[in-house]
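Trainee: I've got a fresh model open and I'd like to talk it through with you. Can we go step by step?

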Amino acid sequence: MKHEKHDLNDFQSEMKKRLKRGRYIHSVGVMYTAMNLAMRYDVSLHDAGVAGILHDCAKEMNNEELIKFCNSNNIKLTEDELNNYSLIHSKAGAYMAEKKYKITDENIINAIRYHTTGKPGMTRLEQIIYVADYIEPNRKDIPGLAQARSNVYIDIDKTCGIILENTIEYLKETGKSIDHTSIEACKYYN
Ligand SMILES: [Fe+2]
Ligand SMILES: [Fe+2]
């Protein structure tokens, strides 16, 4: 089903109002990076831009607010998610994109839903948002960043593998819980 076209500039102004400055700058970085990758991988620039600018739309809520938001909207959280705040904002963000920002395209909604964990067999758009979130120009140096940036225009599957591996390694080192979806995705892309 062809979805309704939204004005990217409207979403950008909305995010500028709602997000803290640093997060807004990051979101714009993800938006442009995603659109650029969309050019390379023959994906709709519009869809990549919308998913990019909205991907962190739920991240202004703190942990408590996010859990309350999920409970009151019947968004079921897994054990892994309950133990890791950074996972919940993606799920809540996908919900907000659909209900509040009236996104009807499942591919855009899922790109937001899986932008933190990745998943096996991602669509091109899902891969683009997953990668853009990691490599956008404002990111401070993180392990695997340079390698991901230099590979992404050559092989986005391989790049997903690089990012997943580095993210899981980082979570292990810092003692944070790792979502099983990321582990499965890491096996899939490596
Ligand atoms: Fe995020
Ligand atoms: Fe992000």
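Mentor: Sure, and one definition before we start: a helix here is a DSSP run of H or I with at least four residues, numbered from the N terminus. Keep in mind that this is a predicted model. With that definition, Ile-53 lies in helix H3.

Trainee: Is Ile-53 buried or exposed?

Mentor: The cut-off for buried is under 20% relative accessible area. Ile-53 has 0% relative accessibility, so the residue counts as buried.

Trainee: Which residues does Ile-53 touch, leaving out those up to four places away in sequence?

Mentor: Being close in sequence isn't what we're after, since residues up to four places away are not counted. For scale, Ile-25 is 28 residues from Ile-53 in sequence, and their C-alpha atoms are 9.7 Å apart. The residues that Ile-53 touches are Leu-8, Phe-11, Gln-12, Met-15, Ser-27, Val-28 and Met-31.

Trainee: How are H1 and H3 oriented, parallel or antiparallel?

Mentor: Helix H1 covers residues 8-18, and its axis is 10 Å from that of H3, at an angle of about 5°. Angles under 35 degrees count as roughly parallel. H1 and H3 are therefore roughly parallel.

Trainee: Which residues of H1 and H3 make the contact, and how many are nonpolar, polar and charged?

Mentor: From H1 come Leu-8, Phe-11, Gln-12 and Met-15, and from H3 come Gly-49, Val-50, Ile-53 and Leu-54. Sorted by class, that contact has 6 nonpolar, 2 polar and no charged residues.

Trainee: And H2 against H3, parallel or antiparallel?

Mentor: H2 spans residues 21-40, and its axis comes within 7 Å of the H3 axis, crossing at roughly 155°. Over 145 degrees counts as roughly antiparallel. That makes H2 and H3 roughly antiparallel.

Trainee: Which residues of H3 does H2 meet, and how does that contact divide by class?

Mentor: The crossing of these two helices is right-handed. On the H2 side we have Ser-27, Val-28, Val-30, Met-31, Ala-34, Met-35, Ala-38 and Met-39, and they meet Leu-45, Ala-48, Gly-49, Gly-52 and Ile-53 in H3. The classes come out as 10 nonpolar, 3 polar and no charged residues.

Trainee: What about H3 and H7: how many charged residues are in their contact?

Mentor: H7 runs over residues 106-113, and the two axes come within 9 Å and cross at roughly 35°, in a right-handed crossing. Asp-47, Val-50, Ala-51 and Leu-54 of H3 make the contact with Ile-108, Ala-111 and Ile-112 of H7. The tally is 6 nonpolar, no polar and, for charged residues, 1.

Trainee: On to the metals. Which residues coordinate the iron ion (ligand 1)?

Mentor: Start with the spacing of the donors in sequence, D-x32-H-x25-H. The coordination distances are 2.1 to 2.2 Å. The donor residues are Asp-56 (OD), His-89 (NE2) and His-115 (NE2).

Trainee: Which residue coordinates both iron ions, ligand 1 and ligand 2?

Mentor: The two ions are 3.4 Å apart. The residue that coordinates both of them is Asp-56.

Trainee: How many residues apart in sequence are the parts that Asp-56 and His-89 tie together?

Mentor: Asp-56 sits in the loop between H3 and H4, while His-89 belongs to H6 (residues 85-99). Both of these residues are buried. The pair therefore ties together parts whose separation in sequence is 33 residues.

Trainee: Which loop residue between H4 and H5 has a positive phi without being glycine?

Mentor: Most residues other than glycine have a negative phi. The one in question has a phi near 60°, and at 63% relative accessibility it counts as exposed. The residue is in the loop between H4 and H5, and its name is Asn-74.

Trainee: Where is Lys-102, which also isn't a glycine but has a positive phi?

Mentor: Its phi is about 60°. At 52% relative accessibility, Lys-102 counts as exposed. The place of Lys-102 is the loop between H6 and H7.

Trainee: Last one: is Asn-84 buried or exposed?

Mentor: Asn-84 is in the loop between H5 and H6, and its C-alpha atom is 23 Å from that of Glu-136, 52 residues away along the chain. The relative accessible area of Asn-84 is 10%, so Asn-84 is buried.

Methods. Residues are numbered from 1 along each chain as its sequence is written. Chains are lettered from A and ligands numbered from 1 in the order in which they are written. This is a predicted model: local features need pLDDT of at least 70, side-chain atom pairs count only at pLDDT 80 or more; totals for chains, interfaces and linings use all residues. Side-chain values use heavy atoms; hydrogens and water are left out. Donors are N, O and S atoms within 2.8 Å of the metal (3.2 Å for Na, K and Ca); water is not among the atoms, so sites may look incomplete. Buried means under 20% relative accessible area, exposed over 50%, partly exposed in between (1.4 Å probe, protein chains only). Axes are lines fitted to C-alpha atoms, for helices over the stretch in contact, and angles run from 0 to 180 degrees between N-to-C directions. Angles under 35 degrees count as roughly parallel, over 145 as roughly antiparallel, 65 to 115 as roughly perpendicular and the rest as oblique. A crossing is left-handed if the near helix is turned anticlockwise from the far one by less than a right angle, and right-handed if clockwise. Contact means heavy atoms within 4.5 Å. Ala, Val, Leu, Ile, Met, Phe, Trp, Tyr, Cys and Pro count as nonpolar, Asp, Glu, Lys and Arg as charged, and the others, Gly among them, as polar.
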